[in-house]
Every structure is written in C-alpha cells, then in structure tokens.
Amino acid sequence: MSWDSVPWFLEGSAEHSSAIARLLAYNAVGGAEGVIGPADLRVRALAAPGQQVEVLTGACSILNRAAGAQYEAYAGRMISIDKIPITPTGPTPRSDLIIARVENPYLMGETWQQPSNPAAGPYIFTRVISGVPAGTTSVRQVRPGDSAIALARIDLPPNTSSVLPAHIKDLRRVARPRTDDRIYTVIGCGYSYIEPTDRTPKNWPEQANWTIDIPEWAVTAIITTNLSGLRLSNNNVYAQMRHVFAGIAGSNSELDDDGGGGFRRADKLLADRYSIPAALRGTTQPLLVQTTALDPGRIDVNSSTQLICRVQFQEAAAQDGA
C-alpha cells in the first residue's frame, strides 16, 4: 500500500498515526520552524547574574529531522520559566548554544532514552550544546540531525562564572511572522508651498498626514513615501525631508536642486525602518512628513502632485528591552 492508510481525519474506529498528526502540525505552519510569537522562549540573564540563564515561556514549531521523516513537525509549548545552568569558563573563551529539542525515542534511528513515564514524557527539553564554534547561529551547523531549534548563543569571556545580558545573542526566529501592508494615497494636492523662514522642520506637505493603527504583534514598521510632482521655483532649492511616526523622527533625506529661478518638477522618496516598542503596539499613532527648507527656492504641491505612502508592519523576534 503506497498511502498512509488513515488520513486526517476519519470517523469510527480508524487509528491515526503519529506521523499524520505531525503532518498536520507541519501544514499548520507551512513547513516553517521557530518560535510562534515574537516574545516566546527568549533567553535572558538572571536579575542577579549568575551561573544560569532563564528561558521564558512560549511555544514553537520544530521540524522532525529523524531519518525518513518528511513533511513532519512537532508543536511544543513551555508553560513556566526554565532555568538552565551554564558552566563557567576557564582561561579560554567559550560559546554555548541554547536550544529547544524534541527527543523522540520511538523513531527509527533515534537513540534517545525512553522516559520513565512514557505517557507523560517529557520528550521536549531546553538543552545546552557547549563549546560550539564562535559565530554559530543554527543547530544545523553543529548537530544537523537533531529535531531542534536554536534559541540563543552564550558567548562567555575567559574566567567568567556569571552570564551577563551582553553575553547573550538572541537567535530565535518567528516561524511564520505576520505582515500587514497599508497603502495611503493623495491624488492631487491643494496648492501650498514652503520656503525658508526660520529654517526649522514644518509639517509639510499638509496632505502627508495619516492616522495609523499599529497591530498588537508589530515589532517593526517599514515606511516609504513617494512624493511625485513637487514643483520647484524662484531659486535653487535645498531642503531636508523626513517621516515623523508616533512622534519619532525618521532619517533626514535631502532634496537638492540647482535649477535656478525657473519652474521645474522633482520627485522624492523617503524610507525608514522603525522599531516598535511594546508601549506603542495596539495603539493609534500619527504619521506625517516634515520638511525643512534651507536654500531660498520655493517648493510647492498642487493638483499635479501625488503622494503614495506604504506602511508595512512586521513581526519578528523581540529583543531585550523591546
């Protein structure tokens, strides 16, 4: 028989295999592995640094890498903080990899020990792979056959017995990070202009002003605004333009034109990457463009000016302090 004879899900007394259940877990995350949420399974130093680290609660997807396994994943969850001992270093530095690993003794080729209570396990653990090469970022680099994901690397200097926050390199990846794209457009602007006065930033163009709902899961926002058909006149133009999102100024981008006194058109692209602190997630915040005119020329917008703003929110592993 070429099929696994009982697909998910059959009524009656049909018995479904563990491999089919793992196929379901694999399909649920699109074959991805990693933590489920951006704060899940974060490794941190103790409040009073010592010879342990803490792994916070959370959930994960781990691909089954046992021999012959195909399209299978484990779904695991840690419901209380796990404290993991870290061996002090001697005269040489050392890097340790902190991993979440499924140890399934029932699959062909696996050598894990069966737990004393097969019904309750445990079959999933936080483990330390000690003495990995500096710069290691994946379990695949050191133990390619393990059904495991990397959570963090601990880089300890010589003669160190306490793990500090600076020693911990976060290696988590969100299995299926969410994204949310928003497009805002202004097709034709009412006439307004800006020219040097006190050489300070002004909220201009006035039409580049939007109200943004930030998803509760967002960790990063990529913001790009294309201002097409700006009109320059009167003299040379030099200005700086930037986003301001939730009161946070983005990077200055220059609009530099030596066209003299005649009328001409210019386009401008602004791009910024914002880290979203926890306090802003799930809130509504303003997004606008600020312009500082410095050279004597005038910049205006009118019915031929178009504004296109794209805001993409991304979910990714949260860093310390996020």
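**Exercise 1. Contacts along the chain**

Among contacts in the protein chain between residues at least 6 apart in sequence, what percentage join residues at least 24 apart?

Solution. The model is predicted. Take the contacts between residues at least 6 apart in sequence. Of these, 76% join residues at least 24 apart.

**Exercise 2. The overall build**

Describe the protein chain by its secondary structure, its dimensions and its surface.

Solution.
- Start with secondary structure. The chain has one helix and 22 strands.
- Turn to dimensions. The radius of gyration is 27 Å, whereas a compact globule of 322 residues would have one near 20 Å. Along the principal axes, the C-alpha atoms fill a box of roughly 85 × 60 × 30 Å.
- Look at burial. Of the 322 residues, 46% are buried.
- Finish with the surface. About 16600 Å² is accessible, and carbon and sulfur atoms hold 50% of that.

**Exercise 3. A sheet of four strands**

Work out the strand order of the open sheet that contains β7 and β9, and name its edge strands.

Solution.
- Read the order first. The four strands run β8-β7-β9-β10, and the pairing is antiparallel.
- Next, find the edges. Strands β8 (124–132) and β10 (168–170) each pair on one side only.
- Add the twist. From one strand to the next, the twist averages 25 degrees.
- Zoom in on one pair. Strand β7 (residues 94–102) meets strand β9 (residues 147–156) over nine bridges, in the antiparallel sense. Arginine 101 has alanine 148 of β9 as its bridge partner.
- Recall the general rule. Strands of a sheet pair through backbone hydrogen bonds, either parallel or antiparallel.

**Exercise 4. The helix**

Find which residues of helix α1 are buried, and name one element that covers them.

Solution.
- Locate the helix. α1 covers residues 18–28.
- List the buried residues. Ile20, Arg22 and Ala25 are buried in α1.
- Name a cover. Strand β5 (73–78) is included in what covers the buried residues of α1.
- See what follows. Glycine 30 comes after α1 and has a positive phi, near 65 degrees.

**Exercise 5. Serine 61**

Why does serine 61 count as buried?

Solution.
- Place the residue. Serine 61 lies in strand β4 (residues 58–63).
- Apply the cut-off. Serine 61 counts as buried because its relative accessible area is 4%, and buried means under 20%.
- Check the neighbours. Leaving out residues up to four places away in sequence, serine 61 touches Val29, Ala32, Glu33, Gly34, Ile36, Ala73, Tyr74 and Ile149.
- Pick out a polar contact. The serine 61 side chain reaches the backbone oxygen of alanine 32 at 2.9 Å.

**Exercise 6. Arginine 265**

Decide whether arginine 265 is buried, partly exposed or exposed, then trace its contacts.

Solution.
- Place the residue. Arginine 265 is in strand β19 (residues 264–275).
- Apply the cut-offs. Buried is under 20% and exposed is over 50%. Arginine 265 has a relative accessible area of 43%, so arginine 265 is partly exposed.
- List the neighbours. Beyond four places away in sequence, arginine 265 touches Gly229, Leu230, Arg231, Asn302, Ser304 and Thr305.
- Pick out the polar contacts. The arginine 265 side chain reaches the backbone oxygen of glycine 229 at 2.6 Å. A polar contact of 3.4 Å links the side chains of arginine 265 and asparagine 302.
- Compare sequence with space. Arginine 265 and valine 301 are 36 residues apart in sequence, with 10.0 Å between their C-alpha atoms.

Key:
Residues numbered from 1 in each chain as written. Predicted model: local features only at pLDDT ≥ 70, side-chain atom pairs only at ≥ 80, totals over all residues. Heavy atoms only, no water. Pairing = 2+ DSSP bridges. Helix = DSSP H or I, 4+ residues; strand = E, 2+ residues; numbered from the N terminus. Axes fitted to C-alpha atoms, helices over the stretch in contact; angles between N-to-C directions. Rg over C-alpha atoms; globule rule 2.2 N^0.38 Å. Buried < 20%, exposed > 50% of the residue type's maximum accessible area, 1.4 Å probe, protein only. Contact = heavy atoms within 4.5 Å. Areas by Shrake-Rupley, 256 points an atom, 1.4 Å probe, with all protein chains shown as cover. Polar contact = N/O pair within 3.5 Å; in protein donor to acceptor, adjacent residues only side chain to side chain.
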